[in-house]
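The following exercises concern the packing of helices and the pairing of strands. Please attempt each task before reading its solution.

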Amino acid sequence: MALELRLGETAAAMTATIYDVAALAGVSIKSVSRVLNRGPNVSPSLEARVRAAVESLDYRPSLSARALAGASSYLIAAFVDAELTLEHWRSGRGNDYLSRLEYGALVECRKAGFHLLVELVDYGSATLEASVRSLLRSLRPDGVLLTPPNSDDPRVLDILEQHGTPFVRLGAETDLQRGMRVFMDDRQAAIDMTEHLIGRGHRRIGFVSGPGSYAASRARREGFQAAMANHGLEVDPALIVEGDFTFDSGRRAGGSLLAAPDRPTAIFASNDDMALGVLNAAAALGIPTPAGLAVCGFDDTPSAMLSTPPLTTIRQPVTEMAAAATRLLLPGVSGSRDPSEPVGYALVERLSTSAGI
């Protein structure tokens, strides 16, 4: 008999309703709804009673029912670039940027009782606008995290504004008055890294840029060129090669730059995957790093510490940026920082640039 009672209690807990929560807390259903949807006029004592009842009953509100009622969906959606994300996974190298983004956003969502959904958005597709509208209609997210290049795409921004969906733009470099943004100073970081190489005695420096569709790629290239100009150094157009943020594109770019008769003594790649590709190309040509070629990257992925030699890079605070962006979207949660100010970064010096020329 005792065993049957425990099983019955478990089954009841699994099917608990908002009515059960209200009865246990001794409040109205409307009061429970206000607490769960972070509505106005909720006293600390009311919230404590309702939360205790929810915890006791293991109550899980239906997301679909919330959406039908026009209440909060408790969903935050992150729009990420489909092509680059899929290419990273197909290559078997994974996607460290996405992993750090998810970690930062998930921790904040979990604290607030929200869920995170990552959605692939095909920047280059002719159906981009229809796809984004469909996502918003079907998911009805309470907010959207936009990652590059979607964070700088006016088509995506237009649709979100038309739907009245709050959004935060990660790494946005254009239309800065549109929506909230969390960013780092990519241009200044590239200046710092270029000056690091110049300080090591390098004058002929190659640069592997990211794809032009990414505003951050343009900012990093501008920073490289500005640092060279500040030191009176000529930028040879032949020493700037565009990649696509993948290892293979870095290997191809490195091979091209190092095949030149007057090859560079240092190469700055605008992300770590491409920098690792440059290291691979140098090794294939028998060029030692850093004695024969200094190499540096941008991001500070785990691979940067494990490469041979370990890679000098810019530590991009993706996790912190994602967490800050998520807090800006959560109701009643302080963003704890000024969204108009850039997030700090760090230049991490390792063995790949340790030797001067």
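**Exercise 1: A pair of packed helices**

In this predicted model, helix 7 (residues 96–112) packs against helix 15 (residues 318–329) at an angle of about 40°, and their axes lie 7 Å apart. Determine how helix 7 is oriented relative to helix 15, and which residues of the two helices meet.

*Solution.*

1. Angles under 35 degrees count as roughly parallel and those from 65 to 115 as roughly perpendicular, the remaining ones below 145 being oblique. With an angle of about 40°, helix 7 is therefore oblique to helix 15.
2. The crossing of helix 7 with helix 15 is right-handed.
3. On the side of helix 7, the contact involves Y97, R100, L101, Y103, G104, A105, E108 and C109. Their counterparts in helix 15 are V318, T319, A322, A323, T326 and R327.
4. By class, this contact of helix 7 with helix 15 comprises eight nonpolar, three polar and three charged residues.

**Exercise 2: A second pair**

Describe the packing of helix 2 (residues 18–25) and helix 4 (residues 44–57) by angle and axis distance, then state the handedness of their crossing.

*Solution.*

1. The angle between helix 2 and helix 4 is about 125°, and the axes are 9 Å apart.
2. Angles over 145 degrees would count as roughly antiparallel; helix 2 and helix 4 are therefore oblique to each other.
3. Helix 2 and helix 4 form a right-handed crossing.
4. D20, V21, L24 and A25 of helix 2 meet R49, V50, A53, V54, S56 and L57 of helix 4. Seven nonpolar, one polar and two charged residues make up this contact of helix 2 with helix 4.

**Exercise 3: The sheet and its helices**

Establish the strand order of the four-stranded open sheet, and identify which strands stand at its edges.

*Solution.*

1. The four strands follow the order 7-6-8-9, with parallel pairing.
2. Strand 7 (240–242) and strand 9 (294–296) each have a single partner strand, so they stand at the edges, and one side of each has no neighbour in the sheet.
3. From one strand to the next, the twist averages 15°.
4. Strand 8 (residues 266–269) pairs with strand 9 in the parallel sense over three bridges. F268 is placed opposite C296 in strand 9.
5. Helix 11 (residues 215–230) packs on the sheet and touches strand 6 (205–209), strand 7 and strand 8. The direction of helix 11 makes about 165° with that of strand 6.
6. Helix 13 (residues 272–284) lies across strand 6, strand 8 and strand 9, and runs at about 160° to strand 9.

Key. Residues are numbered from 1 along each chain as its sequence is written. This is a predicted model: local features need pLDDT of at least 70, side-chain atom pairs count only at pLDDT 80 or more; totals for chains, interfaces and linings use all residues. Side-chain values use heavy atoms; hydrogens and water are left out. Axes are lines fitted to C-alpha atoms, for helices over the stretch in contact, and angles run from 0 to 180 degrees between N-to-C directions. A crossing is left-handed if the near helix is turned anticlockwise from the far one by less than a right angle, and right-handed if clockwise. Contact means heavy atoms within 4.5 Å. Ala, Val, Leu, Ile, Met, Phe, Trp, Tyr, Cys and Pro count as nonpolar, Asp, Glu, Lys and Arg as charged, and the others, Gly among them, as polar. Two strands pair if DSSP finds at least two bridges between them.
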